[in-house]
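Trainee: I've just opened this one and don't know my way around yet. Can we go through it together?

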Amino acid sequence: MGNSKNSSQMPGYQKTVLITASVASMIDQFNWPNIRLLLSLGYDVDVAANFMHGSTCTDERIAKLIKQLDQLSIDCYQIDFDRKAVDVKADLRAFRQLDAVVCGTARPVNPIRHHNMRSKNYAFIHSHSPIGGAAGRITAARHRIKSIYTAHGFHFYRGAPLRNWIIFYFIEWMLSWMTDVLITINQEDYARAKKYFHAKKTVYIPGVGVDVKKYQNLAVNREEKRKALGIRAEDIFLLSVGELNQNKNHKTVIEALGKIEPELSGRLHYVIAGKGGLKKELGNLADQLGVRLHLLGFCSDVPELLKAADIFLLPSFREGLNVGLMEAMAAGLPAIVSDIRGNRDLIRKQDLQVKPEQPDGWAQAVRELAGSQQERMAQGVHNQKVIRHFRTSRVMRMMQKLYL
């Protein structure tokens, strides 16, 4: 797929699209399908995010991302977005930086080509994440640019803390007045946004999509992959993918595994692919409870891990529509998930939905699924059927209608 920088000089060409997100890892993990779609439709694409801090992947991965974007003639702009809910000083700085991008006075972080310092004439701004979404929509309104916002899971939801409703609901309600297209990725958010918010158009898109064929065709030496982790063929490989933070709630799973009888727990290995500040705390808890815990940090081989695992676990307190879970389903894994918005759109069997704060419930669900290979296989096949409705090709057809 070639780039289209020179075509932007053609009469009537729709020029450039700006994609904004709080952190670069959100571009890397969630926006490649959108970027490729926009390029295929003849748009130029710019990206604005925090490439320096806050990402869930490594500095090496961010450097690779910038290089990949540069090869597609995509300009990358550093915006000092802060992931904190409210930091007025940081937010004002980010707004000024994003405004400079639109005005054409900002320089990209990938300066290997000559860049004209002039107004970009963006056709629209597609924003992601709460802070990036706020900045993107306000900037779009200020410059009278069409605004598209993808809500990857509102911070207010059924059962959310009151503080989230007081802060985030009000902000999103206000911003909805300046949103041309509001994209929601789960049914609970869609119903609420459609009823109470004021975007010109509110749509439901089933997530960012998953490449189902990739996982169907992926060949992995399952025995070797497990052996490298110290997991025997007869052991049960439990896998979670996500940051080591409070929201991802790995602690509850470790507590649950500590409650399981020795004859089964001796075969259980809990593997977490992800980095974060709770690494030491989780490791200490596992040691105290005698749980076999493998903390792998950031992993570039998640698809191979999924193919080698037996059960996928997603114990989060809050999700929009989790990509890791969708990938696990595409890989044919059974899954036990927290009983929350988003997860319920994907895993509908009630005994595989567990309240996130209940270790006893998690222990029981693991016992039942780990104890039956037949049930694991049946649920894995079922998940592969369900996930077809969330495949990338279908999602991109829906996105194309919004972009044109």
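Trainee: Let's start with aspartate 99. Buried or exposed?

Mentor: Aspartate 99 counts as buried, because its relative accessibility is 15% and the cut-off for buried is under 20%. Keep in mind that this is a predicted model.

Trainee: Okay, and where is aspartate 99?

Mentor: In helix H4, which covers residues 88–103.

Trainee: What does aspartate 99 touch?

Mentor: Leaving out residues up to four places away in sequence, aspartate 99 touches Thr139, Arg142 and His143.

Trainee: Now serine 127. Buried or exposed?

Mentor: Serine 127 is buried, with a relative accessible area of 0%. You'll find serine 127 in strand E4.

Trainee: Which residues is serine 127 in contact with?

Mentor: Setting aside neighbours within four places in sequence, the contacts of serine 127 are Thr20, Gly132, Gly133, Gly136, Arg137, Ile148, Tyr149 and Thr150.

Trainee: Switching to helix H2. Which residues are buried there?

Mentor: H2 runs over residues 32–40, and its buried residues are Trp32, Asn34, Ile35, Leu37, Leu38 and Leu39.

Trainee: And what do the buried residues of H2 pack against?

Mentor: Quite a list. The strands are E1 (16–23), E2 (44–50) and E4 (122–128), and the helices are H1 (24–30), H3 (59–71) and H18. So E4, the strand that holds serine 127, is one of the packing partners of H2.

Trainee: What follows H2?

Mentor: Glycine 42 follows H2, and its phi is positive, near 95°.

Trainee: Let's try helix H7. Where does glutamine 187 sit, and what does it touch?

Mentor: Glutamine 187 is in H7, which spans residues 187–196. Not counting residues up to four places away in sequence, glutamine 187 touches Tyr204 and Asp345. With 39% relative accessibility, glutamine 187 counts as partly exposed.

Trainee: How far is glutamine 187 from glycine 136?

Mentor: Their C-alpha atoms are separated by 24 Å, and the two residues are 51 apart along the chain. Glycine 136 is one of the contacts of serine 127 we went through.

Trainee: What about arginine 192, buried or exposed?

Mentor: Buried, with a relative accessible area of 16%. Arginine 192 is in H7 too, and it touches Phe156, Tyr157, Arg158, Trp165, Tyr169 and Phe197, not counting residues up to four places away in sequence.

Trainee: Which side chain meets arginine 192 in a salt bridge?

Mentor: That of glutamate 188, at 3.4 Å from N to O. Glutamate 188 is buried as well, with a relative accessible area of 15%.

Trainee: How are glutamate 188 and arginine 192 placed in helix H7?

Mentor: They are separated by about one helical turn, because they are four residues apart in H7. An α-helix has 3.6 residues a turn, so residues three or four places apart point the same way.

Trainee: How many salt bridges does the structure hold?

Mentor: It holds 20. One of them joins the side chains of aspartate 301 and lysine 225, at 2.6 Å from N to O. Aspartate 301 lies in the loop between strand E10 (293–297) and helix H13 (302–308), and lysine 225 is in helix H9 (residues 222–228), so the pair ties together parts that are 76 residues apart in sequence.

Trainee: Any other pair to look at?

Mentor: Try aspartate 351 and lysine 349, whose side chains meet in a salt bridge at 2.8 Å, N to O. Aspartate 351 is partly exposed at 39% relative accessibility, and lysine 349 is partly exposed with a relative accessible area of 32%. There is also a network of salt bridges that share partners, made up of Glu188, Arg192, Asp339, Arg344 and Lys355.

Trainee: Last topic, the surface. Which residues form the positive patch?

Mentor: Lys385, Arg388, Arg391, Arg397 and Lys401 form the positive surface patch. Arginine 391 is in the loop between helix H17 (373–386) and helix H18 (392–403), and at 30% relative accessibility it counts as partly exposed.

Trainee: And which residues make the nonpolar patch?

Mentor: Phe170, Ile171 and Met174 make a nonpolar surface patch of about 270 Å². Methionine 174 is in helix H6, residues 162–176, and counts as partly exposed at 39% relative accessibility.

Technical notes
Residues numbered from 1 in each chain as written. Predicted model: local features only at pLDDT ≥ 70, side-chain atom pairs only at ≥ 80, totals over all residues. Heavy atoms only, no water. Patch = residues over 30% accessible without salt bridge, like charges linked within 9 Å, V, L, I, M, F, W, Y side chains within 5 Å. Areas by Shrake-Rupley, 256 points an atom, 1.4 Å probe, with all protein chains shown as cover. Salt bridge = Lys/Arg side-chain N within 4 Å of Asp/Glu carboxyl O. Lys, Arg positive; Asp, Glu negative; His and termini not counted. Charge placed at Lys NZ, Arg CZ, Asp CG, Glu CD. Helix = DSSP H or I, 4+ residues; strand = E, 2+ residues; numbered from the N terminus. Buried < 20%, exposed > 50% of the residue type's maximum accessible area, 1.4 Å probe, protein only. Contact = heavy atoms within 4.5 Å.
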